[in-house]
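Okay, thanks for making time, everyone. I'll put the structure up and then talk you through how its pieces fit together.

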Protein chains: 2
Amino acid sequence: MSDLDAALARLDADREGALARLFDWLRIPSISTDPAHAPDCRRAADWLVADLRSMGFEAEAHPTAGHPIVVAHRRKEGPSALFYGHYDVQPVDPLELWERDPFDPVLAARPDGAQEIRARGASDDKGQVMTFVEACRAWLAATGDLPISVSLLIEGEEESGGEHLPGFMQAHKDALRADIGLICDTGMWSPEAPAITTMLRGLCGEEIVITAADRDLHSGHFGSAAANPNRVLARILADLHDADGRVTIPGFYEGAPELPETLRAQWAALGFDEAAFLGQVGLSIPAGERGRSALEQTWSRPTAEINGMGGGYQGPGFKTVIPSKASAKVSFRLVFDQDPHAIRAAFRDFVRARVPADCTVDFIEHGSGRAVAFPVDDPAFEKARAALSAEWGREAAFIGAGGSIPVTREFKDVLGMDVILAGFALEDDRIHSPNEKYDLRCFQKGARSWARVLAALAG
Amino acid sequence: MSDLDAALARLDADREGALARLFDWLRIPSISTDPAHAPDCRRAADWLVADLRSMGFEAEAHPTAGHPIVVAHRRKEGPSALFYGHYDVQPVDPLELWERDPFDPVLAARPDGAQEIRARGASDDKGQVMTFVEACRAWLAATGDLPISVSLLIEGEEESGGEHLPGFMQAHKDALRADIGLICDTGMWSPEAPAITTMLRGLCGEEIVITAADRDLHSGHFGSAAANPNRVLARILADLHDADGRVTIPGFYEGAPELPETLRAQWAALGFDEAAFLGQVGLSIPAGERGRSALEQTWSRPTAEINGMGGGYQGPGFKTVIPSKASAKVSFRLVFDQDPHAIRAAFRDFVRARVPADCTVDFIEHGSGRAVAFPVDDPAFEKARAALSAEWGREAAFIGAGGSIPVTREFKDVLGMDVILAGFALEDDRIHSPNEKYDLRCFQKGARSWARVLAALAG
């Protein structure tokens, strides 16, 4: 039996142990955006440190001004990899839409017989991180060693802006640098087809707060005479797109060229089922720029989305109030060479130009990151692709993705590294939504995939 | 000494008694919207019945499916009036903003030496109701009779929808009908200038809920391909007004003619201080239809206001979600002959025309009522105006009001009566807010004003 076969056999033999460990971690409600959960983030970091140490890693939870960052090493001569993931999770509201406590994980059977792990973070990203951790554990248990030198960098602010990671990476760049980056925070191309994501959109998040009167007003006394910040805000948000779905902010499309023909051909060959993609969430019409496919809209076109907006009375019944304030959270997905800083500045100008003389606007800066594209002709990418193809019995695809993983920019810019993004999430995992799940098969075959990738990178 | 002078002298002699009675009533926390306070509403009704009976009224608290309605009569030949008010009060939250227990009334001196009654309900409406009750008491004590036939109709659901009053009025219309209605639930034109409110705007409240996908989505995966209900809603709400601040719903202005020249001239003579009106809440520019004064905008022009809107993530931090739903509460203030039902239907058509094929809209109907305008050339109005002018030493004004008092429509439609709305509240009474107060001077001169109005209506 080869070392790889031994590691794979060990994974298969320890499936219940792996699940129990993941459940332990999922029970910690490490919601990074809510200050009340800061102690839970600390616990989630400490839990991982203890687990990695038990396997023989040097591991430590480094304090930051925000949540701790876990770094672990098990070094040896030869090729090296740095695995990145995050232990923090999204908030769980609206809680009433969950079928059970989001932090009481359970294994549930679907009508088709498949089993899924249900909990906040089951897929994004604790379940995905543990695929890699379990692969390492199996290699160590089965062979006493890892095929290559491995470091882990697991942060706790991925869902809340990731503010402290770039500085940390800068400060620890010598210790962190490796031949290749590995990240498990993306999805399969389909439930049967693995994928390596080589293009990711960037992000720029911004919050605006419109203030009119210095207090809430009665709409009977003041209605129509007093400026209504809801109305001001609705105007601004409506102006963001033209009738063709294009973003109207001046200069927005600078650095966002049309997709190269080679990629366009590759993507066309994927056989993307647009009707199924939209149909799974009850939609049927691509809502972005007119005349472009949903795949193009989500992978290679920039966009502006209103992620949240609110003002005035939103409870049951009716209240004839004119609120003092209204606010919105807006994010821009960026592609190719779009500059998040330039777009943030252009957006602020766009907003200021629409705020009437009697109102004021405050801006709150949220996270940002440029888009990335990795060199698919690098041999490490082909090795990883072969390893994934072997595990799943189907050729792994190089794909794009609509989401942003800002840390991939840090890998590029701070550490000078490319990153292999191989993840096992499925489209229906409901990440960021109630009733998040991770297929048990993805968890188990994901771990086996990483066991194979570690072997492949040693070759 | 004339009978009127005797009644006025009696009011002056019994000031402490009047204050003690009002304080007794204010101590009962008759918050109608909170079911836990239903027994207190009953107590407040019974307290009033006992007080009116002690003065020689036939009085009774009539049970309803909600809170009791107090009806009292002291009939005689000749002119008759029906006085309306309410014994229920607004909730007191946020309680921590009150300087003392809202239901432990106190007389407090302001820095300028004036005294004010502080308690929930001091102004709205217990203090105002007691100005009329004390006027009746003084007439009866000083002369053994009232100048005219008087009935009272005091409800307990004015602050919580007033659901049961219209049916009650319909069922008791023969007993309630009188020559003129009297209501003390409005304000002075200024601390020195009394007023009769003769125009009130109507109201039509509507809630819309836009649904796109059947669940919340991650804006990375679905952003730009999936319809965003926030964007759909912002477009609809922004479209409600044109660049001149006019409402764009087809047919909206039907039944809303320009203000008659006579009223325009009267209002111009009021010397309304627009800068002070807006300045008190930190604003400076009338935000309604371009080219119209704030007074015209709030008194005689219809309007559309977004009282509440919300969709997506509104908590701290950022969440890159595309929500499934977004909703808004919109109200229309109506004038003259605008039809709330026609406007609700036109608004729904307006919204439906802007909902994309992939989204749905649900409508939730909230309250509605037509505007009212009373005939200021009716002799009763001139008599009341003269009485108020005599008490305050200053010409009372016929004014408009931006708010709605739905019961005035019931007086018109069910009882066929006009209503003299004479109240002594001031702009700074903080009704519906913490630390509500009623100026002692308003309470005392208010009672003297009603004593004069009763005499004037007999003439």
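I'll start with how the two chains relate, go on to the sheet they share, and finish with the domains of chain A.

Before anything else, please keep in mind that this is a predicted model.

So, the symmetry. If you want to put chain B on top of chain A, you rotate by 180° and shift by 2.4 Å along the axis, and the RMSD comes out at 2.3 Å. As background, two copies of a chain are related by a rotation about an axis and a shift along it.

Now the interface. On the chain B side we have 67 residues, and they are in contact with 73 residues of chain A. Where do those chain B residues come from? Quite a list of elements each supply at least two of them, including helix H8 (229-239), helix H11 (294-299), strand S13 (325-334) and strand S14 (360-369) of chain B. The top contributor is S11(B), which gives nine residues to the side of chain B that touches chain A. As for chemistry, that side of chain B has 25 nonpolar, 31 polar and eleven charged residues. And here's a nice one: 94% of the interface residues of chain B are also interface residues in chain A, so the copies meet through the same surface.

Let's stay with S11, then. Strand S11 (residues 303-312) of chain A and S11(B) run antiparallel, joined by five bridges. If you want a residue to click on, take Met309(A), which stands opposite Gly311(B) in S11(B).

Step back from that pair and look at the whole sheet. Which strands make it up, and in what order? You read it as S14(A)-S9(A)-S13(A)-S11(A)-S11(B)-S13(B)-S9(B)-S14(B), an open sheet of eight strands with antiparallel pairing. At the edges stand strand S14 (360-369) of chain A and S14 of chain B, each with a single partner strand, so one side of each is left without a neighbour in the sheet. On average, and ignoring direction, neighbouring strands here are turned by 20° against each other.

Inside the chain B half, S11(B) pairs with S13(B) in the antiparallel sense, over eight bridges. One of those contacts to look at is Ile306(B), whose bridge partner in S13(B) is Val330(B).

There's a helix on this sheet too. Helix H8 (residues 229-239) of chain A lies across strand S9 (202-211), S11 and strand S13 (325-334) of chain A, together with S11 of chain B. Relative to S11(A), H8(A) runs at about 175°.

Okay, on to the domains. The assignment for chain A gives domain 1 as 3-200 + 372-458, and domain 2 as 202-256 + 302-369. Over C-alpha atoms, their centres are 35 Å apart. How many residues of domain 1 of chain A are in contact with domain 2 of chain A? Six, and they meet six residues of domain 2. Those on the domain 1 side divide into one nonpolar, four polar and one charged.

Last stop, another sheet in chain A. Three strands form an open, antiparallel sheet in the order S4-S5-S18, and the edge strands are S4 (106-109) and S18 (437-439). Neighbouring strands in this one are turned by 35° against each other on average, direction ignored. S4(A) and strand S5 (residues 115-118) of chain A pair over four bridges, with Leu107(A) opposite Ile117(A). Helix H15 (residues 440-458) of chain A lies across S4, S5 and S18, at about 60° to S18(A).

That's my tour; over to you.

Terms used
Residues are numbered from 1 along each chain as its sequence is written. Chains are lettered from A and ligands numbered from 1 in the order in which they are written. This is a predicted model: local features need pLDDT of at least 70, side-chain atom pairs count only at pLDDT 80 or more; totals for chains, interfaces and linings use all residues. Two residues are in contact if their C-beta atoms, placed from the backbone, lie within 7 Å. Helices (H or I, at least four residues) and strands (E, at least two) are DSSP runs, numbered from the N terminus. Ala, Val, Leu, Ile, Met, Phe, Trp, Tyr, Cys and Pro count as nonpolar, Asp, Glu, Lys and Arg as charged, and the others, Gly among them, as polar. Two strands pair if DSSP finds at least two bridges between them. Axes are lines fitted to C-alpha atoms, for helices over the stretch in contact, and angles run from 0 to 180 degrees between N-to-C directions. Domain bounds come from an automatic or database domain assignment. Copies are superposed by least squares on the C-alpha atoms of residues with pLDDT of at least 70 in both.
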